[in-house]
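Biologist: Please show me the model, and let us then go through it in questions and answers.

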Amino acid sequence: MLNSLPDELLHDIMPHEIPDDDGCAPSAERRAPTLRALSLVSPRLKLIAQPLLFKGISIKSPQQLEGIVNLMARHGWNSTMREVTIADCEQHEFGSELLERFLREAGQGLQVLEISRSHGRLLNLAVLQELPST
Amino acid sequence: MNVLFFAPISARQLKKNSSFTDLDTLHLQGSRYLLPRPILLNTLRTLQFSDTSIIAPLLDPVYLPSLESLSLFAVETQDDADILSASRAIHLVPQLYPPEFDNVTAIDLTPTILRPIFARTLFYYDFNTPSFSSSWMQVPVELRIDNLYGNSASDTSDFRRLRRLTSALNALNADMCNLRILILDVTMEEPCLTDEGWRYWDAFEDALLNTGIRIVYEDQWA
């Protein structure tokens, strides 16, 4: 059934098939299993489902952040993120340049941003004004 | 603590600084941030922060025209209160939903800037934290009390809490008191108390009757 639908319809349908906000758990955690499963069904569904995995993401290390920046640049997924949580700790200090680059390059359409930053160089909040709208 | 507030910004500058972001919610924990120039966040509706000195210059309807929800968890010290008082946060008050304010004891710290919000604010007091005082009980209209009892309703230390609350109610100055509603956990609606506990509870209810303060029960652990 899904395979007979055009891509445009799948793009519209798929986000509705994924639980969005019932207040029970971070939406990223709820979406991931469904989207991962859909990504395994066929290459065609993978192309549509995989970017949606990045709709809500939680980043806990600079390596993760760098990986996501590179992945998004490679696939052109720079307007897929809606909710991002970035939490640093003493062992995992985020470089402010990398954070600023991440927000500038991948922050298009970002709606919810939670940053916990107690270590490292100061993050220039002016970057928030540079997030492009969708 | 020195905080540099931005100079008034012209319409032309503001237009130049206009943001096209979709950002709706921003939580900034920690203090490793820098705000060197004013930024306009047109669409931001919810803001939570933990360092008043960094965010205070932004607390202005000019920069946050859509802001509806402001979590003031950061107001903990006299420095924080002074910074807020010197800011333009007061001008945000009309556009805010009743803000969350989990630190009712900060009332003593923030006499000027936050008072206009008090009438629409739900305050919390957790008996597991120190510094219970009747002075700030006069200010809010609604006050939620957490942990009036601990794990055991027969624990004498918990009765002490009930006695302190009763004494505070009896000490309220009726002419200056705004308090109308105390919100307690639903388990207090039909408390399971010893004879001694019931004596304290009756005294508590008498104090409520004398002051005209109503109790509302809610499931605080839901």
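Modeller: A residue is called buried if 20 or more other C-beta atoms lie within 10 Å of its own, exposed if 12 or fewer, and partly exposed in between, with C-beta atoms placed from the backbone. This is a predicted model, in which local features need pLDDT of at least 70, side-chain atom pairs count only at pLDDT 80 or more, and totals for chains, interfaces and linings use all residues. Residues are numbered from 1 along each chain as its sequence is written, with chains lettered from A and ligands numbered from 1 in the order in which they are written.

Biologist: What percentage of the residues in chain B is buried?

Modeller: Chain B holds 222 residues. Of these, the buried share is 29%.

Biologist: In chain B, where is confidence highest?

Modeller: The score is pLDDT, the predictor's confidence in each residue, from 0 to 100. Chain B averages 78, and 71% of its residues score at least 70. Helices (H or I, at least four residues) and strands (E, at least two) are DSSP runs, numbered from the N terminus. Confidence in chain B is lowest in helix H1 (residues 11-16), at a mean of 55, and highest, at 93, in strand S1 (residues 25-29) of chain B.

Biologist: Which strands are the edge strands of the open sheet?

Modeller: Two strands pair if DSSP finds at least two bridges between them. The open sheet has 6 strands in parallel pairing, ordered S1(A)-S2(A)-S3(A)-S1(B)-S3(B)-S4(B). Pairing on one side only marks the edge strands, S1 (56-59) of chain A and S4 (69-71) of chain B.

Biologist: In S3(A), which residue is the bridge partner of Ile86(A)?

Modeller: Strand S2 (residues 83-87) of chain A runs parallel to strand S3 (residues 112-116) of chain A, and 5 bridges join them. In S3(A), the partner of Ile86(A) is Ile115(A).
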